[in-house]
Amino acid sequence: MKRGIDINSDKRILEALLAQDTDITIEDALENEMIINMGPQHPATHGVLRLLVRLDGETVMSCIPELGYLHRGYEKMAEDMSYYEYIPHTDRLDYTANLANNVAYVLGVEKLAGIEVPRRAQLVRMIIYELARIMGHLVAIGTFVLDVGAITPFMWTFRERENVQNIFDKICGARFTTSYTRIGGLASDITEEIVAMIRKFLDDFDGAIDEFEKLLNSNRIFIERLEDIGHLSKNDAIALGITGPNLRASGVEHDLRRANPYLFYNEFDFKVPVYTEGDCLARYFVRVDEIRESAKIIRQVLSKLEPGEIMANDPKKVLPRKDEVYTKMEELIHDFMIVNFGINPPVGDVYSAYENPKGELGFYMVSNGTGHPWKMKIRSPSFCNLQAIPITCKGAMISDVVAIIGSLDPVMGEADK
Amino acid sequence: MNLKENVETKLNSLSDDIILEASEFRNQLSFTVSGESIVEIAKLIKEDPELKFELCEDVTAIDWAKRTKRFTVVYHIYSLLLKERIRIKAVIDNDDFEIESVSSIWPSANWYERETWDMYGIKFLNHPDLRRMYMPEEFEYHPLRKEFPVMGIPGSLPLPDKED
């Protein structure tokens, strides 16, 4: 929503940039400092992120991210919508892992309204949640290595992502704008054909990871480009509210799937990869390890999947099936009431946070007993992770800034809301 | 001793009536306090070795529109030690909508408070860099306030001229 160049806004940003302390020592410091503007239209900033960088020669003295170029006012729109109407908008938050947002949102509403969801629906949600994590991480890894100059792995990760999207296409009829979950369950059940597709994808997937790991993990150019770049210490990571793979790359073993299990994560066996280096390379390794674990979780869930209901039986809050709406009076009334007046959760507020590919995605919903939320706050992981940019970029070379942004993996759709 | 009693005892050691209300809804703990005492509470729950609420996940506000105390600032804080989350609701009790910043205690609150200032117009005192987060600096309104219409105010954001 911002205009491109704006004298007053820029003045305030410049003042803030100059006020930052630049206590780094450079061996051959130049007399002149230079301030350059990077973005918002810059291919390496993963969307419309704008950075103001203060340079001495090629060394970054300080750096300020400027957000808001993709601000669409989702929190304001939520206050004017029923809880059902908002589901499609969650697709557009972290658009690299849409289904994870769908699941996280409906889990939050179900917690607020107190709806029990059948086991099969929850297990299918776990499958799509982990598939979305694989998809999100594949984009993250692919674009990250592309940013540092490796083009082939980018093609390979996107080839695998294409397979995940084909599965999504079969599941919900859309590759990108999924809107698959419903409050109290799912839009449709997954068929045997889809299960077979997922199994086939998983069978080939480990080989595909090995393939691009072979290209990168022993690649001297790749390692030396990223080792010790963008260092984020454990204490800084906690203090700056970093979550997700970026936090685990800094040596903090914190994963909400393990710490506060939701869905059925406590029943399944998976590892939480943790690296202690806290540099760009560690962040890459965490993501690669995580997609292996995700594949492991999906395999276990598929083996436990049993036939059953996919929608909760709660007529006042859960939409009835369409064929029932057309043939039965009661269901028609409920459908009319839910669509027109909403599900009316009890008065209260709930903060529900789940481990999304980028970190902790939280929805804080305040209900005043009507069909619309009184307030909806989205705690988006990308927004919080971007706070690490000033501290990680300080003292780095200008060419490393691109690698650091890529390794933090922000998605501006989510950071700007 | 459960977490609720534990936090209550710790906070009551600061002063007897520091907690205005302690409630539990859907297994989530929430403490309502006065906006004036937020910094000392933040310091206590972060530094106490048994609590260690170090990870400040979110700072936001609620606009209650017609209530006399219009704004409540909401903090969500996570303890990596206890693996628990609590919610602190600080009621703002002044007409200028001012509250002390907690960014000196949780550095992550820096951006969250900027966002809250941008969206609700709540001033965070002693904040290191209180600029707008999303909207342009010369924008006159605070969009998440209830009086701001969902469709926006025509003319409030100048569009670029064709000649530019």
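**Exercise 1.** In this predicted model, find which residue of strand 7 of chain A stands opposite A:Y354, and work out how the two strands are joined.

*Solution.* Start at A:Y354 and look across to strand 7 of chain A: the residue opposite is A:L361. Next, trace the pairing. Strand 6 (residues 348-356) and strand 7 of chain A run antiparallel, with nine bridges joining them. Finally, follow the chain from strand 6 to strand 7 of chain A: a hairpin links them through two residues.

**Exercise 2.** Now turn to strand 8 of chain A and describe how strand 7 of chain A pairs with it.

*Solution.* Strand 8 of chain A covers residues 373-379, and six bridges hold the antiparallel pairing with strand 7 of chain A. One facing pair to look for is A:S367 and A:P373. These two strands also form a hairpin, this time with five residues between them. In that turn, A:G369 has a positive phi of about 90°.

**Exercise 3.** Decide whether strand 7 of chain A is largely enclosed or not, and say why.

*Solution.* A residue is buried when its relative accessible area is under 20%. Nine of the nine residues in strand 7 (residues 359-367) of chain A are buried, so the strand is largely enclosed by the rest of the structure.

**Exercise 4.** Use the same cut-off to classify A:S382 as buried or exposed, then find its surroundings.

*Solution.* First locate A:S382 in helix 15 (residues 381-385) of chain A. Its relative accessibility is 1%, so A:S382 counts as buried. Then check its side chain, which reaches the backbone nitrogen of A:V411 at 3.2 Å. Leaving out residues up to four places away in sequence, A:S382 touches residues including A:K358, A:D409 and A:E414.

Methods. Residues numbered from 1 in each chain as written. Chains lettered and ligands numbered in written order. Predicted model: local features only at pLDDT ≥ 70, side-chain atom pairs only at ≥ 80, totals over all residues. Heavy atoms only, no water. Buried < 20%, exposed > 50% of the residue type's maximum accessible area, 1.4 Å probe, protein only. Helix = DSSP H or I, 4+ residues; strand = E, 2+ residues; numbered from the N terminus. Pairing = 2+ DSSP bridges. Polar contact = N/O pair within 3.5 Å; in protein donor to acceptor, adjacent residues only side chain to side chain. Contact = heavy atoms within 4.5 Å.
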